[in-house]
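Trainee: I would like a close look at one part of this model. Please take me through its aromatic residues and what surrounds them.

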Amino acid sequence: MSEHPNAILIRDVLRAVAHGEIERLKRLCADGIVWHGTGRTPWAGDHEGIDAVLDHLGRVGEAADVFDADLGDLLVSEERAATVMQVSARRGDRRLEVQFMILYRIAGGKVAEVWSAPLDPHATDAFWA
């Protein structure tokens, strides 16, 4: 059985983010993409447009000494995908081990919208405070 096209898309997006492949990420995401960050961290809010999303992802990576996200689960349909990501991060003496639920809206074979939510928002808020 072959993998669903939206599963392939999300795996490609995650690889591009992990390897800092900006041009590849631009090809996989809609120009008008919107990334919704939840919680009370500096990363909360809506980031509209591919340049704003890339800036947002870059700032998160730069703010942590270590930031790793590993795919746990991936569920897909014709219009959406959802992942559970295991995030490990370090900032100085602060450490974070938390799962994130990320919901993707897919349109025209590209990621058009993203909602990112930590499953332990208190730990995530404390880490970035």
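Mentor: Here is the aromatic cluster, followed by the core and a strand pair.

This is a predicted model, so to speak of local features we need pLDDT of at least 70, side-chain atom pairs count only at pLDDT 80 or more, and totals for chains, interfaces and linings use all residues. Residues are numbered from 1 along each chain as its sequence is written, and side-chain values use heavy atoms, with hydrogens and water left out.

Start with the rings. A search of the whole structure finds two aromatic pairs. Rings of Phe, Tyr and Trp (its six-membered ring) pair if their centres lie within 6.5 Å; planes under 30 degrees apart count as stacked, over 60 as edge-to-face and the rest as tilted. W43 and W128 pair edge-to-face, at 5.3 Å centre to centre and 90° between the planes. W43 lies in the loop between β1 and β2 (45–48), and W128 lies in helix α4, so this pair ties together parts that are 85 residues apart in sequence. Helices (H or I, at least four residues) and strands (E, at least two) are DSSP runs, numbered from the N terminus.

F127 and W128 also pair edge-to-face, at 4.9 Å centre to centre and 80° between the planes. W43, F127 and W128 thus form one aromatic cluster.

Now burial. Buried means under 20% relative accessible area, exposed over 50%, partly exposed in between (1.4 Å probe, protein chains only). W43 is buried. F127 counts as buried because its relative accessibility is 2%. W128 counts as buried at 9%.

A charge joins the picture. R91 lies over the face of F127, at 5.9 Å from the ring centre. The test asks for NZ of Lys or CZ of Arg within 6 Å of the ring centre and within 35 degrees of the ring normal.

Next, the core. A nonpolar core is a set of buried Ala, Val, Leu, Ile, Met, Phe, Trp, Tyr and Cys residues joined through side-chain atoms within 4.5 Å. The largest has 30 residues, of which I10, I33, Y104, V111 and V114 touch the most other members. Elements that give two or more residues include α1 (5–18), β4 and α4 (121–128). β5 gives the most, with six residues. Leaving aside neighbours within four places in sequence, V114 has contacts (heavy atoms within 4.5 Å) that include I33, W35 and Y104.

Last, the strand pair. β3 (residues 66–76) and β4 (residues 80–91) pair in the antiparallel sense over ten bridges. A hairpin of three residues joins them.

Terms used
Two strands pair if DSSP finds at least two bridges between them.
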